[in-house]
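I wanted to get to know this structure piece by piece, so I opened it and kept notes. Here is what I looked up, entry by entry.

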Amino acid sequence: MNLAGSYTLCPGMTPSIHGHRPVLGHGILGRLLRGQQGALVERTLGQVFTLCAHAHRRTARLALNAAHPRQETPLPIEPPVFLWLETARDHLRSIAMDWPQRQTGREAEPEPLDWLRSCPISLRVVARETQEKQAWDALGQLRHWLEDHLLGEPLDRWFTHHHEPEALGLWCRVHAANLFPAKTLHTWYAMARELVPATRPLDVLDANPAQQFTAMNDMAQAMLGSAHFVQYPTWLGQCAETGPWTRLRYRHKSGTAIPTAWTRLSARWIELLEIAAIQPPGPVEHLPPLLASGAQYLGEGQAIAWCEMARGLLLHWVQLDELGRVQDYRVLAPTEWNFHPDGALAQTLSSLPAHDTQSAWALAAAFDACVACQVSAPAPSEETHA
């Protein structure tokens with residue numbers, strides 16, 4: 001069995017999304033981790049979820065510490081700069097490796113990667129800075145590389161003129177001829193603006209601690225209540241979506257613009273730049289609330305933890321025994337929200353013409369599965385249901 005799983009998108013069909021990740025269902029992950037404790041749990045999760053391993057390791061540590069609050073030596077939680085740097089790496093990897101494939105449906109040619117030759121951070125999953133100063137240095141090098149080689153101006157000046165989705169679209173048109181990320185986004189721009197999936201952000205996180213406590217407790221009960229919930233999740237009885245455009249920091253942002261596929265695509269590029277713009281705080285400065293993470297004790301060795309990472313909100317639930325060993329463990333990742341067979345992506349795919357694979361690939365990039373994803377057009381004789 002392929003535990004990693006995959007998804008196939010079928011424009012013009014109902015259902016329009018086929019696939020899932022077997023490792024999340026039927027208690028497989030809980031059995032895999034049963035009896036493990038401490039650092040071994042996070043290492044195992046990092047091996048299972050290799051693409052976003054850093055986020056799973058962080059969330060596992062938060063969950064284990066919260067579930068076993070009286071342990072003598074809790075697992076150390078890395079400073080936020082590590083999460084920011086690894087999220088930037090994930091965004092850059094997706095832009096460089098996934099976006100070209102999702103424009104054509106074929107493997108990218110070597111030439112488009114030339115623009116990355118001088119990039120100061122490695123895109124390899126195994127590459128990790130181990131010291132906080134190293135992480136800050138790497139983030140600073142990324143900022144200077146973006147300013148010098150891609151943007152041609154300081155980030156703060158760029159944000160003044162190009163931060164909003166429509167302004168970014170104009171910038172991409174101007175630079176499409178000589179800058180690969182701009183060319184890729186420009187190719188999608190006109191089409192993605194016309195794709196308007198229904199929007200229901202996953203609003204589990206909240207700036208109000210009491211409201212967030214209640215929401216997280218309800219989410220934990222939902223994860224525990226059904227073995228299939230983490231593969232086909234709903235929130236308050238409805239499908240929801242999660243991604244950079246649904247961050248907690250945007251929750252009360254003013255504006256009436258309806259989010260499109262372009263909104264979702266541009267949010268990934270904008271967040272890469274926002275992360276690169278962060279600089280080490282001075283004596284009286286505070287680090288920005290860019291990506292939320294935390295954990296909540298639920299009683300008797302049980303906890304839920306969360307982490308906003310590249311593809312959206314990641315949730316871990318754990319039940320430990322009296323010795324701190326895993327009895328059960330469940331993971332709810334962004335892909336299962338966004339690629340739900342009844343979700344906004346699925347509904348939008350069903351409404352497309354049957355052979356509109358180009359729009360389907362743009363939607364695949366906008367919602368960004370963390371496993372293999374392909375688009376399949378129906379044979380001429382197949383019946384379609386728009």
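**Entry 1: helix H7**

I started with helix H7, residues 165-175, and looked for what is tucked away: the buried residues are Leu168, Gly169, Trp171 and Cys172. They span an arc of only 165° around the axis, so they sit on the same side of H7. A note to self: this is a predicted model.

Next I turned H7 around. On the face turned away from the buried side I found the exposed residues Arg173 and Val174.

What do the buried residues of H7 pack against? I listed four helices: H5 (132-151), H6 (155-162), H8 (180-194) and H10 (261-276).

**Entry 2: strands E7 and E1**

I moved on to strand E7, residues 372-375, and sorted its residues by face. Cys373 and Val375 make up the covered face, while Ala372 and Gln374 are on the uncovered one.

Which way does strand E1 run when it pairs with E7, parallel or antiparallel? I found that E1 (residues 6-9) and E7 pair in the parallel sense, over four bridges. I picked Ser6 to trace one of them, and its bridge partner in E7 is Ala372. That is a residue I had just noted on the uncovered face of E7.

**Entry 3: Thr59**

Then I clicked on Thr59, which belongs to helix H3 (residues 53-67). Is Thr59 buried or exposed? Its relative accessibility is 0%, so it counts as buried; the cut-off for buried is under 20%.

I also checked the company Thr59 keeps. Leaving out residues up to four places away in sequence, Thr59 touches Ala305, Trp306, Cys307, Leu314 and His316. I looked up where some of these sit: Ala305, Trp306 and Cys307 fall in strand E4 (302-309), and Leu314 and His316 fall in strand E5 (residues 312-320).

**Entry 4: Leu363 and its helix**

Leu363 is in helix H13, residues 357-367. I put it down as buried because its relative accessible area is 0%.

Which residues does Leu363 touch, apart from those up to four places away in sequence? I wrote down Leu195, Pro197, Ala261, Leu345, Thr348, Leu349 and Leu352. I also took a distance to Arg157: the two are 206 residues apart in sequence and 30 Å apart in space, C-alpha to C-alpha.

Three of those neighbours led me to helix H12 (residues 344-351), since Leu345, Thr348 and Leu349 in H12 meet Ala360, Leu363 and Phe367 in H13. By class, this contact of H12 with H13 has five nonpolar residues, one polar and no charged ones.

How are the two helices set against each other? Their axes come within 11 Å and cross at roughly 170°. H12 and H13 are therefore roughly antiparallel to each other, as angles over 145 degrees count that way.

**Entry 5: the four-stranded sheet**

Last, I followed an open sheet of four strands in the order E3-E4-E5-E6, with antiparallel pairing. Which strands are at its edges? I found E3 (293-299) and E6 (326-332), each of which pairs on one side only. On average, neighbouring strands of this sheet are turned by 15° against each other, direction ignored.

I zoomed in on E5 and E6, which run antiparallel and are joined by six bridges. Trp317 has Arg330 as its bridge partner in E6.

One more thing before I closed the viewer: helix H9 (residues 209-225) lies across E3, E4, E5 and E6. Its run is at about 105° to E4.

Terms used. Residues numbered from 1 in each chain as written. Predicted model: local features only at pLDDT ≥ 70, side-chain atom pairs only at ≥ 80, totals over all residues. Heavy atoms only, no water. Buried < 20%, exposed > 50% of the residue type's maximum accessible area, 1.4 Å probe, protein only. Arc of directions from axis to C-beta. Contact = heavy atoms within 4.5 Å. Pairing = 2+ DSSP bridges. Axes fitted to C-alpha atoms, helices over the stretch in contact; angles between N-to-C directions. Parallel < 35°, antiparallel > 145°, perpendicular 65-115°, else oblique. Nonpolar A, V, L, I, M, F, W, Y, C, P; charged D, E, K, R; others polar.
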